[in-house]
Amino acid sequence: MDGESSWVIQCLNGTARDKVVCDSFSKLNNEDSKEVVQVPVNLLPDELLERILACLPIASIFRSGCVCKRWNEIVSSLRFLQSSSQFPSGKPWYFMFTSSDEPVGYAYDPILRKWHSIQLPCIEASNWFIASSCGLVCFMDSDSRSQLYVCNPITKSHKRIEEPQDLKYSDYSALGISVERRLCSVNLNYCVSVVKSKQVPGNFFQWDVSIHIYDSETMIWETPTSETLSGWRAGNDSVICDGVLYFLVHSTGGDRPDYRHGLITYSLSSRPTHGSLMRSFIPVPGSLTCGRLMNHKESLIMVGGIAKRDRPDIIKGIGIWALKGREWQEIARMPHKFFQGFGELDDVFASSGTDNLVYIQSYGAPALLIFDVEQRQWRWSNKCPVTKRFPLQLFTGFCFEPRLEITP
């Protein structure tokens, strides 16, 4: 298929033999010079070759391991993984599920502008809860919440986390993960957060909300706070930025009729106890729908549909906001030509992002739109190598950083 690359499967099986043109490095002295200085790659010392290969995109690193035995040994070594941790991971990828039932799909690489066919470990269905941070992806099943995994989708290394009994069977759950970044380290510490919301029996107005935190270093779950909210419930979206847990809450009716949604902040370092959640409440701007929270270089941004005032089930546009203190600042609004490019769009759509990129797609089509936060630029991805086969086929996905050195 056009644009498809199954480099992970091929290279790991040793069946890929793509021709790699890297016999020499050339340098032109000036326009009139006819001399070309060539240095055979095989003459380079291992340490220098490691640093050169570590600068390549992830897909090219996998392919380089198929060039020769020496290169394969280099990119497979622990020292290479430690060396690659000193370099930025490049731009985040977007994995698009192409089945409403099975967790299959393609990952988009914005550097090479290619779709790669990769197989995700652990996850059993595309509707599982998903969160990512610094190369790690966390999966939690959407039924009993009894299966929780942390994995590296590139290397397939994974670990199952034993969840506490009280995590199961909540009405709504919001999953988050944050990796503690350390230079020159392969094994990193991380925390997993689950915000659970459960309706008080017989009372739709009140909801029990609790926050559960897992620390990979101690391998212990804690529940630092649990309280009953009146007129608000938590949803399925949360993110951790710079040690602060953010999650959206939705109105169930009450003393703030002007607001349909709000934001709750919770410090993971101080971990305040009972009665503190609504004191951190921040209103969400306008008549927003389908809000999604994202980590932009440890600062919070939010993507949401801007609903019509008289028809809240129909959106007239999509905006992106950044949280500055306790105020929202609109940083971008999707141009109308891109909004029209999605075709028929109701009040739901998928969006995910980290670092500099935000990915947006309609549930009803595999078209993928990319927004660069730093450059303020919108663009379409290359066409995904899949077509819609039936009217009710849904597409969704998640964003993650491709890294080789990270292990759960």
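Which residues have the most contacts inside the largest nonpolar core? In this predicted model, they are Phe80, Phe95, Leu120, Phe139, Phe398, Phe400 and Leu404, within a core of 29 residues. Several elements give two or more residues to this core: the helices α2 (46-54), α3 (58-64), α4 (69-75) and α5 (78-84), together with the strands β4 (93-97), β8, β9 and β27 (396-400). A second, separate core has 21 residues, and Ile301, Phe342, Val358 and Phe371 are among them.

Aromatic rings come next. A pair of aromatic rings is described by two values, the distance of the centres and the angle of the planes. The count in this model comes to 14 aromatic pairs. One of them joins Phe97 and Phe398, whose ring centres are 5.9 Å apart and whose planes make an angle of 45 degrees, so the pair is classed as tilted, a label for angles that are neither under 30 nor over 60 degrees. This pair links distant parts of the chain, with Phe97 in strand β4 and Phe398 in strand β27, 301 residues apart. Phe97 and Phe398 are both buried. Phe204 and Trp207 give an example of an edge-to-face pair, with 5.8 Å from centre to centre and 80 degrees between the planes. Trp207 has a relative accessible area of 3%, which means that this residue is buried.

Ring pairs can also be followed from one residue to another. In this way Trp93, Phe95, Phe97, Phe139, Phe398 and Phe400 are linked into a cluster. Four of these names may already sound familiar: Phe95, Phe139, Phe398 and Phe400 were listed above for their contacts inside the largest nonpolar core. A ring can have a charged partner as well: the charged end of Arg233 sits over the ring of Tyr172, at 3.9 Å from the ring centre.

Finally, the backbone deserves a look. Most residues other than glycine have a negative phi. Against this background, Cys134 has a positive phi of about 50 degrees, although this residue is not a glycine. Cys134 is placed in the loop between β7 (129-133) and β8 (136-140). Is Cys134 buried or exposed? Its relative accessibility is 4%, so Cys134 counts as buried, the cut-off being under 20%. Arg145 also has a positive phi, near 60 degrees, and is likewise a residue other than glycine. The loop that holds Arg145 runs between β8 and β9 (148-151). With a relative accessibility of 6%, Arg145 counts as buried too.

Note on methods
Residues numbered from 1 in each chain as written. Predicted model: local features only at pLDDT ≥ 70, side-chain atom pairs only at ≥ 80, totals over all residues. Heavy atoms only, no water. Helix = DSSP H or I, 4+ residues; strand = E, 2+ residues; numbered from the N terminus. Buried < 20%, exposed > 50% of the residue type's maximum accessible area, 1.4 Å probe, protein only. Core = buried A, V, L, I, M, F, W, Y, C linked by side-chain atoms within 4.5 Å. Phe/Tyr/Trp six-rings, centres within 6.5 Å; stacked < 30°, edge-to-face > 60°. Lys NZ or Arg CZ within 6 Å of the ring centre and 35° of its normal.
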